[in-house]
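Subject: Structure for you to look at

Hi,

Here is the structure I promised to pass on, with my notes below it. Have a look at it in your viewer first, and then read on.

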Amino acid sequence: MEALLEVRELSLRFGGITALSQIGLAVAEGETLAVIGPNGSGKTSLFNCITSIYRPTSGAISFRGEPLTRHSPDEVTRLGIARTFQNLRLFHNMSVLDNLMVGRHLHFRKNLLAAVLRLRGEETRHRRRCEEIVEFLNLEPVRKTRAGDCPYGVQKRVELGRALATEPRLLLLDEPVSGLTQEEKEEFAYWIHEIRGRFGITILLVEHDLRVASRLAGRMVALDHGVKIAEGTPAAVQRHPDVIKAYLGE
Amino acid sequence: MDLVESYAEDLRFARRPAARVLLGLLLAALAVFPWVAAEHLVFLATLIALYSIGVIGQNLLIGYTGQISFGQAGFLAIGAFAFGHLRIWGAPFALALLGAGALAAVAGVFVGFPSLRLKGPYLSIATLGFGVAVYQVFVNWEVLSGGRSGLAIASLQPMFGLSGTRWTYYVYVLLLTGFTLAAYNIVSSFIGRAFVAIRDSDIAAEVNGVSLTRYKLLAFAISSFYTGVHGALYAQILGHIEPQIFNVLESITLFVAVIIGGVASIEGSILGAVFVTLVPKVFANFREMVPVVYGVTILLVLIFEPLGLFGRWLKTRLYFQLWPFR
């Protein structure tokens with residue numbers, strides 16, 4: 001099985017605090033892998049290392065066989081990794097559509113002169129792709145609404161759409177269904193499932209809602225205090241004594 | 001009812017008929033203005049036109065990209081003196097203007113480098129340092145500044161039998177129109193989106209493939225190009241420049257214009273330029289009170305109308321659009 005993303009002996013320290021220690025995991029092409037763990041166990045830090053927002057203290061990350069540790073975040077995205085954030089980071093003052101168009105940014109043929117002279121061929125080409133995403137995520141009614149004015153559930157969809165617009169090979173979702181109502185969770189679970197089916201995107205998922213996580217993911221990895229404590233099928237991981245201890249105590 | 005039938009149509013400049021009519025009226029008014037207004041008013045309008053270019057440039061940086069700069073006086077000085085020297089060496093007006101803008105843009109990229117590391121107040125201090133440094137260099141380096149007597153710049157040669165004031169007015173208003181259109185186009189293109197993305201959330205911008213290095217430096221380059229041209233046009237209209245003109249107050253005035261006119265708005269930039277040009281004229285007898293007026297206005301604007309004069313205009317327009325149902 002060819003690994004799309006491989007993390008080897010990854011450690012991240014901030015001064016005396018060890019956020020991640022000796023983490024190793026591999027994501028195969030086409031699968032959905034869920035990362036679970038209590039608050040502060042290092043899930044988001046792991047995401048931040050993969051997307052080059054943090055520089056790991058030691059260890060290696062490789063994507064499609066290429067090492068990632070020397071790239072800047074925008075180069076990582078160009079290689080085909082997109083992500084969403086736990087506490088939404090939308091461009092609040094842009095319309096929903098423009099948020100998606102920023103996701104298309106790296107696919108633009110960038111011509112300064114054409115921009116200044118208002119030649120908009122590229123723009124309409126990418127607009128078409130964005131409209132496909134708008135349709136997929138049912139964003140039509142809010143297309144021109146300022147992103148900051150949208151309700152929380154819609155904002156989560158916009159962020160998912162923006163990540164999809166970059167056409168990634170690997171999508172990192174940081175708690176995609178947290179803070180949503182039961183109906184919205186159902187919808188979101190459906191979309192995440194569809195993304196894998198329709199677009200063929202591999203998904204790495206951080207999720208607290210274990211029911212959603214185990215339904216979506218084929219495999220699960222559990223972290224606690226920056227250490228990997230279990231890996232395997234969702235059912236096996238959730239029964240693992242260390243995982244139960246991490247969540248519930250002795 | 002506003003029906004858009006294609007993506008291309010959605011992107012058109014001044015798409016609504018009403019906007020096109022208003023734009024036509026505005027351009028016509030600008031064309032007629034020097035024939036109906038007194039000479040000193042035409043001169044004032046020329047001053048506003050050149051100031052608007054600088055304020056638009058500053059707004060692209062502060063309002064759209066969110067990088068605060070207090071060093072604009074430095075770019076003004078670089079633009080003005082580059083223009084002065086080029087004119088003295090015999091370069092024609094257009095070429096000297098381009099040279100002044102280009103040199104300021106290069107300086108802008110240079111100043112932009114700290115912005116890759118610094119944010120918010122730290123960046124403003126760094127750019128403030130740049131403005132002061134440029135000022136000191138010009139004051140103390142007589143080869144650049146022309147010494148005590150400054151640089152004298154030959155005035156524009158009027159064409160088509162127009163008077164000097166009218167000719168300058170037309171040239172400047174035409175330049176302003178060009179720079180305004182370019183700014184609209186930049187802002188609505190992928191570049192403008194990258195700028196606003198950096199302002200709203202730099203981490204999200206990066207993660208979506210926007211290179212912070214490239215676009216922050218580009219923002220500085222474009223902004224200082226505009227400011228350099230502003231400096232050059234100012235030098236041309238003064239006919240004589242010395243470094244003392246480009247002190248810190250000049251940076252602050254540009255900043256004030258952006259805040260009062262409206263952050264992240266091109267129309268607002270022009271309104272802001274009108275404000276900072278008219279206030280010193282109105283308070284001509286109380287010159288020392290001008291900074292007080294700026295300060296008080298900024299306070300009032302930030303409290304009551306954070307979007308500035310442009311925000312006021314948006315609300316007025318909304319009122320009439322909804323009238324009489326409100």
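Let me start inside chain A, with strand S7 (residues 170-174): five of its five residues are buried, so the strand is largely enclosed by the rest of the structure. Please keep in mind throughout that this is a predicted model.

The side chains of S7(A) divide between two directions. A:Leu170, A:Leu172 and A:Asp174 point one way, while A:Leu171 and A:Leu173 point the other way, and all are buried. Note that A:Asp174 is on that list too.

Which strands pair with S7(A)? One of them is strand S6 (residues 81-83) of chain A, which pairs with S7(A) in the parallel sense over three bridges. Within S7(A), A:Leu171 has A:Ala82 standing opposite. Strand S8 (residues 202-206) of chain A also runs parallel to S7(A), and five bridges join the two. Here A:Leu173 has A:Leu205 in S8(A) as its bridge partner.

Following S6 along chain A brings you to A:Ser95, in the loop between S6 and helix H3 (96-104). Is A:Ser95 buried or exposed? With a relative accessibility of 15%, A:Ser95 counts as buried, because the cut-off for that class is under 20%. Leaving aside residues up to four places away in sequence, A:Ser95 touches A:Arg143, A:Lys144, A:Thr145, A:Arg146 and A:Ala147.

Next, the antiparallel part of chain A. Four strands make an open sheet there, in the order S2-S1-S4-S5, with antiparallel pairing. S2 and S5 of chain A are the edge strands, each pairing on one side only.

Going through that sheet pair by pair, this is what I found:

- Strand S1 (residues 3-14) and strand S2 (residues 17-28) of chain A run antiparallel and are joined by eight bridges. A:Val27 in S2(A) has A:Leu5 standing opposite.
- The hairpin of S1(A) and S2(A) has two residues between the strands, and A:Gly15 takes a positive phi near 60° in it.
- S1(A) is also joined to S4(A), by five bridges, and these two run antiparallel. A:Val7 stands opposite A:Ile61 in S4(A), and A:Glu6 has A:Ser62 in S4(A) as its bridge partner.

While you are checking backbone angles, two residues other than glycine also have a positive phi, and I would look at each of them. For A:Arg64, phi is near 50°. This residue sits in the loop between strand S4 (58-63) and strand S5 (66-67) of chain A. A:Arg64 has 44% relative accessibility and so counts as partly exposed. Over in chain B, B:Ala264 has a positive phi of about 55°. B:Ala264 is placed in the loop between helix H12 (248-261) and helix H13 (266-282) of chain B. B:Ala264 is partly exposed as well, with a relative accessible area of 27%.

Now to where the two chains meet. How many residues of each chain are in contact with the other? On the chain B side there are 32, in contact with 36 residues of chain A. The size of an interface is often given as the accessible area lost when the parts come together. By that yardstick, chain B and chain A bury about 3100 Å² between them, with 61% of it on carbon and sulfur atoms. In chain B, the residues that lose the most area to chain A are B:Tyr7, B:Arg193 and B:Asn208, which together account for 24% of what that side buries.

On the polar side, the count between chain B and chain A is two salt bridges. B:Arg193 forms a salt bridge with A:Glu123, where the closest N and O atoms are 2.8 Å apart. The rule also finds 12 residue pairs in polar contact across the interface of chain B and chain A, with both residues at pLDDT 80 or more.

Which helices of chain B supply at least two residues each to the side that touches chain A? They are helix H1 (7-10), helix H8 (164-188), helix H9 (190-200), helix H10 (202-207) and helix H11 (212-238). H9(B) gives the most to that side, with eight residues. Sorted by class, the side of chain B that touches chain A has 19 nonpolar, seven polar and six charged residues.

Happy to talk any of this through.

Best wishes

How values were computed. Residues numbered from 1 in each chain as written. Chains lettered and ligands numbered in written order. Predicted model: local features only at pLDDT ≥ 70, side-chain atom pairs only at ≥ 80, totals over all residues. Heavy atoms only, no water. Contact = heavy atoms within 4.5 Å. Buried area = accessible area lost by both parts, 1.4 Å probe. Salt bridge = Lys/Arg side-chain N within 4 Å of Asp/Glu carboxyl O. Polar contact = N/O pair within 3.5 Å; in protein donor to acceptor, adjacent residues only side chain to side chain. Nonpolar A, V, L, I, M, F, W, Y, C, P; charged D, E, K, R; others polar. Buried < 20%, exposed > 50% of the residue type's maximum accessible area, 1.4 Å probe, protein only. Pairing = 2+ DSSP bridges.
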